Amino acid sequence: MRLSRRALLAATTAATSLTAAPPASAARRRRTGFENLAANHYAQLSGRRTGIVTNPTGVTRDVRHIVDVMHADDRVNLVAVFGPEHGFRGTAQAGGSEGRYDDPATGLPVYDTYLKSGQALADIFTASGVDTVVFDIQDVGARFYTYIWTLYDCMEAARLAGKRFVVLDRPNPVTGRAALGPVLHKEFATFVGRQPISQAHGMTVAELARLFNGEFLSSPVELDTVLMTGWRRSEWYDAWGLPWVPPSPNMPTPDTALVYSGTCLFEGTNLSEGRGTTRPFELLGAEGLDGRWAAAVSELALPGAHFREAYFAPTFSKFQGKTIGGVQIHVHDRDAYDPVRAGIALLVTAKKVWSGFAWRPDNWIDKLTGSTLVRTMIDAGADTDEVVAGWGRELAAFRRMRGEYLVYR
């Protein structure tokens with residue numbers, strides 16, 4: 001089954017992709033998927049009734065939203081917009097969306113996709129009247145960042161509704177060098193992880209779409225991936241000169257994305273993950289914590305980062321309005337920094353130095369890490385290296401599968 005699906009995927013991709021992996025001669029001409037689509041006069045959307053799944057990150061280099069650009073272009077028949085978590089224009093906080101409305105700027109109908117999947121989402125695509133669904137959202141490289149599962153759900157719904165699906169690629173802001181961390185176990189699947197991929201996947205959304213189509217959808221959707229030109233797997237986001245638009249309210253900078261795949265795990269504890277501060281996921285803390293935590297994690301000499309004793313008062317979320325103690329992560333060598341290992345080290349040392357440490361009662365940590373492994377090993381007294389070694393075999397298997405879908409060097 002797997003071999004035949006991969007063969008079908010390869011044939012579909014070869015026939016329909018607008019751009020292939022960038023040749024060496026074009027390596028430094030940097031274009032996003034949308035830029036390549038526009039440069040080719042929107043050929044892939046010609047004669048199509050098009051809808052687009054996007055949010056505020058779907059912008060050009062001069063920060064015009066691509067919905068506004070495409071709506072104003074006679075070569076594109078754009079008839080609908082589909083908004084994910086936080087909404088199309090980005091007005092909603094975590095766990096919220098904008099609902100169904102008509103966009104004031106374009107008059108286009110905006111449909112809410114958040115927490116919708118399967119036939120219910122397929123029915124929305126059908127009701128919208130589109131025959132092609134386009135996806136263009138900036139990802140941050142972590143399994144529990146929900147936009148990649150919006151991608152997955154929309155691909156499955158497009159398949160059910162008989163719609164064509166087009167993914168416009170953008171850089172992985174934390175590079176595509178490696179897959180890191182534990183792999184999701186299927187019994188822990190939620191909207192922060194639908195399928196067994198690693199915690200930091202090291203892929204672009206187009207590569208993920210190909211992997212989803214070849215490995216996880218019940219049957220393949222008609223998929224086009226409009227690739228970037230000139231992206232190298234080792235490149236960080238700032239190398240591209242693209243504007244950073246926060247993909248969600250608590251992802252204000254690329255620095256946040258750098259640490260997020262590790263420190264988001266603190267959502268599964270009673271500590272603050274820094275929501276309600278200007279440095280979410282870089283600041284971590286709780287009442288009763290002091291400089292012992294920064295000292296303990298600093299003793300581990302984790303490559304690429306310093307851990308500073310810090311005190312802060314979140315304006316919302318955990319410990320709202322209270323001054324709490326903890327650490328701030330200062331990454332000084334991002335090439336050496338391993339965010340997932342650092343996240344585990346911070347959990348291990350927090351539990352060691354603070355008697356008040358607790359997991360969320362619903363064991364949300366298991367949903368974030370993808371199994372009971374991290375929680376049970378830390379509770380049993382395992383150190384950082386032992387926890388990381390615990391997922392080694394599963395991560396190696398995922399890396400082999402992932403390698404079949406990588407299209408950039």
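**Aromatic pairs, cavities and pockets**

F266 and W293 are both buried. In this predicted model, these two residues are a good place to start, since their rings also come together as a pair. The count of aromatic pairs in the structure is 16. One of them joins W231 and Y408, whose ring centres lie 5.2 Å apart with the planes at 85°, so the arrangement is edge-to-face. W231 sits in the loop between β9 (223–226) and α7, while Y408 belongs to the segment after α13 (392–403), so this pair ties together parts of the chain that are 177 residues apart in sequence. W231 is buried, with a relative accessibility of 2%, and Y408 is buried as well, at 5%. The pair formed by F266 and W293 is tilted, with 5.9 Å from centre to centre and 50° between the planes. Here too distant parts of the chain are linked: F266 comes from the loop between α7 and β10 (283–286) and W293 from helix α8 (residues 291–298), 27 residues apart. Elsewhere, a single aromatic cluster brings together F144, Y145, Y147, Y260 and F281.

F144 also appears among the contacts of S261, a residue of helix α7. With a relative accessibility of 7%, S261 is classed as buried. Beyond its neighbours within four places in sequence, S261 is in contact with A142, F144, Q199, A200, P339 and V340.

Attention now turns to another helix. Helix α5 spans residues 147–161, 15 residues in total, and reaches 20 Å from its first C-alpha to its last, close to the 21 Å expected at 1.5 Å a residue. Most of α5 is covered, with 13 of its 15 residues buried. Just after this helix, G162 adopts a positive phi of about 70°.

Enclosed space comes next. Two cavities of 30 Å³ or more are present in the structure. The largest cavity holds about 60 Å³, and its lining is made up of T57, V59, Q138, R170, Y237, L242, P243, W244 and V245. By class, these lining residues comprise six nonpolar, two polar and one charged. The second largest cavity contains about 30 Å³ of space. Its lining consists of I137, Q138, D139, R170, P171, N172, M203, T204 and V205, which divide into four nonpolar, three polar and two charged residues. Q138 and R170 thus appear in the linings of both cavities.

The open pockets complete the picture. The volume of the largest pocket is about 430 Å³. Its lining draws on 25 residues, and E85, A94, T146, E267 and R275 are those nearest the centre. This lining has 14 nonpolar, five polar and six charged residues. The second largest pocket, with a volume of about 240 Å³, is lined by 16 residues, of which P254, D255, L258, V331 and R334 lie nearest its centre. Helix α7 (254–263) and strand β12 (324–331) each contribute at least two residues to the lining of this second pocket. In terms of class, nine of its lining residues are nonpolar, two are polar and five are charged. Helix α7 therefore recurs in this account, as the helix that holds the buried S261 and as a contributor to the lining of the second largest pocket.

Definitions and conventions: Residues numbered from 1 in each chain as written. Predicted model: local features only at pLDDT ≥ 70, side-chain atom pairs only at ≥ 80, totals over all residues. Heavy atoms only, no water. 1 Å grid on protein atoms, 1.4 Å probe; cavity = no way out; pocket = protein on both sides within 12 Å on 5 of 7 lines; lining within 4 Å. Points joined across faces, edges and corners; volume = space filled by probe spheres on them. Nonpolar A, V, L, I, M, F, W, Y, C, P; charged D, E, K, R; others polar. Helix = DSSP H or I, 4+ residues; strand = E, 2+ residues; numbered from the N terminus. Buried < 20%, exposed > 50% of the residue type's maximum accessible area, 1.4 Å probe, protein only. Contact = heavy atoms within 4.5 Å. Expected span 1.5 Å × (residues − 1). Phe/Tyr/Trp six-rings, centres within 6.5 Å; stacked < 30°, edge-to-face > 60°.
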